[in-house]
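Please open the model in the viewer and keep the sequence panel visible. The tour proceeds by selections, each followed by a description of what is found there.

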Amino acid sequence: MGIKSIEDLKINNKTIILRTDYNVPLDNNDISDDNRIQATLDTINYILERNCKLIIISHLGRPKNKTDKTFSLEKIAKHLGDLIPNTEVAFSPDINIENIRDYISNMNPGNIILLENLRFYEEEKNNDPKFAKALSSLADIYVNDAFATSHRSHASMVGIPRYIPGCIGFLVKKEIKALSQGFCDPKIPVTLILGGSKVDTKAGIIRNYLDNSDNILLGGALANTFLAAKGYCIGKSKYEANKIGLAKQIINEAINYGCNLMTPRDVVVCSNISHTAEKFNILTEDIKDDMVIADIGIQTIEEYNEYIRSSGTIIWNGPVGVYEYESFSCGSKSIAESIISSNKTSIIGGGDTVDFIDKHGYKNFSHISTGGGAMIEFLEHQTLPALEVLK
Ligand code: 3PG
């Protein structure tokens with residue numbers, strides 16, 4: 001049985017509980033990038049146009065407890081109100097089920113109530129059935145439009161749809177379509193570019209793509225661990241010592257599969273990462289004990305760009321250098337620019353990658369995923385726990 005989309009259910013005049021991912025970046029408590037909010041507007045408008053009462057639930061950040069007001073969703077309710085004219089967006093400062101029920105019974109259809117951050121309640125992460133059941137009792141239908149959280153088995157993701165009919169919204173539908181094409185029916189050759197820091201979170205997707213892609217190009221601290229596994233000195237660079245064994249296994253598996261798993265041939269190094277640091281482009285074999293790798297080097301950029309130009313599909317997750325510093329963002333910029341100019345099918349994702357492309361105004365990719373970990377896990381398993389539960 002497949003997953004139902006919102007268009008498959010009769011939702012007119014119903015009360016809908018919509019799970020969104022409004023885990024947006026904040027700058028001094030202000031929303032610095034509202035992409036994830038904008039991405040849910042199609043689903044929200046579709047629901048409101050059908051005379052429904054709409055309860056929106058979400059998380060923001062990883063708060064320790066409810067006193068952590070930086071992570072309150074109140075600012076999101078205000079922002080949502082600005083984005084959807086002529087609609088009242090009420091905010092519930094807590095998740096008190098009976099108060100919310102009272103509010104909804106007097107609410108006019110076509111309006112919204114956004115509940116406070118789900119993660120102020122430990123029941124959310126613990127997938128507490130009572131919490132999920134109580135939330136489900138507020139609505140007739142559950143809609144998941146939180147693709148970026150769909151890898152989490154939390155109460156609002158996998159618990160609520162056990163009690164009421166559930167479906168996916170337009171954002172999740174679009175993600176599934178684009179990412180499934182990237183795996184099941186890609187234009188070949190396929191090139192996967194991975195940066196970021198953790199081997200653990202990327203090991204699954206690398207292994208999956210050893211058999212399903214032609215090139216895997218590594219950068220960032222992730223590449224450093226693979227360089228260390230190959231026996232290179234990586235100086236004072238960030239890496240994961242306890243993942244060298246895993247990196248070695250993956251390198252051997254790549255050889256067996258005939259997959260081109262690339263690490264940088266040359267790198268940009270400095271003595272300490274800073275805005276004013278003096279930087280040098282050197283061959284990987286020349287890295288010394290007191291150096292820090294901050295970006296991929298010129299030859300590597302050329303080589304990676306060549307692979308990008310000759311690919312049919314490019315999947316990119318994770319900047320390849322310390323992109324927060326202008327002087328170490330050349331590698332990531334050049335990857336973004338070659339992907340765009342190649343005009344090939346491109347799937348981009350990950351919080352840092354999206355932050356990077358937004359900052360530099362890079363836009364023309366085939367699909368920019370709202371998911372970070374969720375995108376990686378979807379490409380690894382072709383499904384996610386919160387999608388499975390809707391089948
Ligand atoms: C994300 O930003 O990747 C999602 O909102 C999930 O957040 P989490 O990693 O804190 O569960």
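**Helix α2 and its end**

Begin by selecting residues 41-49, helix α2, whose buried residues are Leu41, Thr43, Ile44, Tyr46, Ile47 and Leu48. Buried means under 20% relative accessible area, exposed over 50% and partly exposed in between, with a 1.4 Å probe and protein chains only. Helices (H or I, at least four residues) and strands (E, at least two) are DSSP runs, numbered from the N terminus. This is a predicted model, in which local features need pLDDT of at least 70 and side-chain atom pairs count only at pLDDT 80 or more, while totals for chains, interfaces and linings use all residues. Residues are numbered from 1 along each chain as its sequence is written, and side-chain values use heavy atoms, with hydrogens and water left out.

Next, select Asn51, just after α2, which takes a positive phi of about 60°.

**Around Tyr46**

Select Tyr46 together with Arg50: the charged end of Arg50 sits over the ring of Tyr46, 3.7 Å from its centre. The criterion is NZ of Lys or CZ of Arg within 6 Å of the ring centre and within 35 degrees of the ring normal.

Now consider the aromatic pairs. Rings of Phe, Tyr and Trp (its six-membered ring) pair if their centres lie within 6.5 Å; planes under 30 degrees apart count as stacked, over 60 as edge-to-face and the rest as tilted. The count by this rule is eight aromatic pairs. Add Phe170 to the selection: Tyr46 and Phe170 form an edge-to-face pair, 5.1 Å centre to centre with 80° between the planes. This pair links distant parts of the chain, Tyr46 in helix α2 and Phe170 in helix α8 (residues 170-184), 124 residues apart. Why does Tyr46 count as buried? Its relative accessibility is 16%.

**Trp316 and Phe356**

Move to Trp316 and Phe356, whose ring centres are 6.3 Å apart with the planes at 75°, so the pair is edge-to-face. Trp316 lies in strand β15 (residues 313-317) and Phe356 in helix α14 (residues 351-359), so the pair ties together parts that are 40 residues apart in sequence. Both Trp316 and Phe356 are buried. Extend the selection to Tyr323 and Tyr362, which form one aromatic cluster with Trp316 and Phe356.

**The ligand**

Finally, select the ligand and the residues around it: Asp21, Asn23, Arg36, His59, Arg62, Arg119, Ala148 and Arg152, each with a heavy atom within 4 Å of it. Polar side-chain atoms lie 2.9 Å from a ligand oxygen atom for Asn23, 2.8 Å for Arg119 and 2.6 Å for Arg152.

Methods. Polar contact = N/O pair within 3.5 Å; in protein donor to acceptor, adjacent residues only side chain to side chain.
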